[in-house]
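Student: I would like to learn how to read a structure feature by feature, and I would be glad of some guidance.

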Amino acid sequence: MSRYQDKAISDEILEKLSLKNRYAFLNNNLTAILKPEQFNFLRNVQRFCMRFEKKNNIQHSLDEDFYEWIPHFGKEGYVTRAYKFEEIDLNFEYFGLTVDLLRAIAIDMFDPQFDMALGATILAINPVKAHHEGRPEVLKALKDLVTGESPGAILITEPERGSDAVHMLSKCTQNEDGSFTLNGEKIYNTNAPKSKWVVTYACAEKDNGKTMAQFLINTNWDGFIVKRVYIPWVPKIWLGHEYFENLRVPHEYVLGGIGKGRDHLFEGLVPERVMIAMGNVGEAWGALSHAFLYINMRKQFNQEILKFQGVGFTFADLWARTTNFTLALLKFCEEYDAKMEKFGGEIPRNISQAMVASASHLKLEGARLSERTCYECANLMGGAGVCDNTMMQDLVGLSRIQEIVGGTRQIQQYILSMATRQLYKML
Ligand SMILES: Cc1cc2nc3c(=O)[nH]c(=O)nc-3n(C[C@H](O)[C@H](O)[C@H](O)COP(=O)(O)OP(=O)(O)OC[C@H]3O[C@@H](n4cnc5c(N)ncnc54)[C@H](O)[C@@H]3O)c2cc1C
């Protein structure tokens, strides 16, 4: 199926909007900023995406199921590069948060909804990596996730507990053999209907976060029921509404027993927020690169529309903001990697606590950047920006949900306003 119902944009412009040219715009911006090894890695991911798109004749149309692409990206080590993954014998030579930022930008520009699905898989990978304790069953799941054999999902949100994630209603009961029985409901969980492995949380006492535990679940187990929640702004991503009905979790799959779940939940929040910001900057570059090419070609009143101040100056503002945000994110990721190296892979609690505010800063501003840039770039492209001919419609849709996922805008503001008070008290 073609990407569009009717071709509204001329062949000449559509051809110019190719992934190759969009990457070229990004690269011209990043060449002076990135170190040679960083730039080489970015180019390698881009080359892979361009070849993959061409070889498989990918149109990014609604009928393509991009979950089928994940094993191919996994084989190249492009599901995540945040760690070396020596425990599952992958031994990536080039890894870290900075490397993962570059991977995410390249893949987001290839297909932004696909990148979000990979991002949700990474959210499941992080706790499994942190708490496998050498157990072969858990390591097997980790390998499936990192190599793309299965997408992954993280199930935190419940129908009655969204922003207030700590006071969960899902209940876990420990059995004599160390296994747990789970009862409850989760919702809006990215990838869940397509995933073999999911990570979830439940409390021994409803509403009491101090009794929270964390579990790795195989979705084929009895008592795990999942239905799809359809979000029209991201039509190709499968989100789940799950029911745990006396779901038995063998003790080997308990990632954190009663009382440990809440710490594990918070531990995942810093990387989750930074990861959303990584997707956001990819979305902004994706939108900017479309608009950059379009406004240089499209003519009105006998001139390229870029030459009208209303267009050129708007583009200039968005471009500056995106470049500045990229620099901020790069600096954060490089510092994070340096600290991971210095402290042997585990950042001390006081430093990681200090990063909580930075992660909220990045999530708050990243989501805003994506929302404004995608909308404004579509606006600069007129009808061409909002019809179904280009990936701009995917970007605009995806940008609408960024202030909701991973802690809403208001929750980030709430965290930061609390931190403001704490900083004052430290004087
Ligand atoms: C596309 C998509 C993907 C998602 N993926 C996942 C996933 O993979 N895993 C997962 O577990 N969840 C996921 N979610 C759920 C997401 O994290 C929640 O939707 C989000 O946390 C908000 O919860 P809620 O929808 O219940 O809204 P509510 O918490 O009910 O919030 C409603 C409104 O009230 C505001 N509000 C609530 N409390 C406060 C407060 N204290 N101060 C100020 N304002 C407040 C919110 O900001 C919001 O505007 C996803 C959601 C979407 C839309």
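Tutor: We will go through helices, strands, the core, the ligand shell and some backbone angles in turn, keeping in mind that this is a predicted model.

Student: What should helix 10 span at 1.5 Å a residue, and how far apart are its end C-alpha atoms?

Tutor: The general idea is to compare an expected length with the distance between the ends. Helix 10 covers residues 309-342, and because each residue adds 1.5 Å, its 34 residues should span 50 Å, which agrees with the 49 Å between its end C-alpha atoms. After the helix comes G344, with a positive phi near 65°.

Student: Which residues of helix 10 are buried, and which helices do they pack against?

Tutor: The buried residues are V311, F315, L318, T322, F325, T326, L329, F332, C333 and Y336. Their packing partners are helix 5 (97-110), helix 9 (269-297) and helix 11 (349-380).

Student: Which residues touch the most other members of the largest nonpolar core?

Tutor: Nonpolar side chains tend to be buried together in soluble globular proteins. Here the largest nonpolar core has 118 residues, and those touching the most other members are A124, V128, F215, L216, A291 and C377. Helix 9 gives the most to this core, namely 16 residues. To take one of the well-connected members, V128 is in contact with V138, A141, L142, L145, V199, L216 and L255, once its neighbours within four places in sequence are left aside.

Student: In which sense do strand 1 and strand 4 pair, parallel or antiparallel?

Tutor: For strands, one looks at the direction, the bridges and the faces. Strand 1 and strand 4 (residues 197-203) pair in the parallel sense over four bridges, and G152 has W197 as its bridge partner in strand 4. Both faces of strand 1 are covered, since G152 and I154 on one side are buried, as are A153 and L155 on the other. By contrast in direction, strand 2 (residues 171-174) and strand 3 (residues 180-190) run antiparallel and are joined by four bridges, with N183 in strand 3 as the bridge partner of K171. Five residues lie between the strands of this hairpin, in which G178 takes a positive phi near 90°.

Student: How many residues surround the ligand, and which are the closest?

Tutor: The ligand is surrounded by 22 residues, of which I156, G162, S163, T408 and Q410 are the closest. Strand 1 (152-155), strand 3 and helix 14 (409-425) are the elements that give two or more residues to this shell. By class, the shell consists of 14 nonpolar and eight polar residues, with no charged ones.

Student: Is R262 buried or exposed, and what does it touch?

Tutor: R262, in helix 8 (residues 261-267), counts as buried because it has 21 C-beta neighbours inside 10 Å, where 20 or more are needed. Not counting residues up to four places away in sequence, R262 touches V166, G209, K210 and M212. The C-alpha atoms of R262 and M212 are separated by 5.7 Å, although these residues are 50 apart along the chain.

Student: What sign of phi does E133 have, and what sign does F301 have?

Tutor: Most residues other than glycine have a negative phi. E133 nevertheless has a positive phi of about 50°, and F301 also has a positive phi of about 50°. E133 is found in the loop between helix 6 (112-130) and helix 7 (136-146), and it is exposed, with 9 other C-beta atoms within 10 Å. F301 lies in the loop between strand 9 (299-300) and strand 10 (303-304), and counts as exposed with 7 C-beta neighbours inside 10 Å.

Key:
Residues are numbered from 1 along each chain as its sequence is written. This is a predicted model: local features need pLDDT of at least 70, side-chain atom pairs count only at pLDDT 80 or more; totals for chains, interfaces and linings use all residues. The expected span of a helix is 1.5 Å times one less than its number of residues. A residue is buried if 20 or more other C-beta atoms lie within 10 Å of its own, exposed if 12 or fewer, and partly exposed in between; C-beta atoms are placed from the backbone. Two residues are in contact if their C-beta atoms, placed from the backbone, lie within 7 Å. Two strands pair if DSSP finds at least two bridges between them. A nonpolar core is a set of buried Ala, Val, Leu, Ile, Met, Phe, Trp, Tyr and Cys residues joined through C-beta atoms within 7 Å. A residue is near a molecule or strand if its C-beta atom, placed from the backbone, lies within 6 Å of it. Ala, Val, Leu, Ile, Met, Phe, Trp, Tyr, Cys and Pro count as nonpolar, Asp, Glu, Lys and Arg as charged, and the others, Gly among them, as polar.
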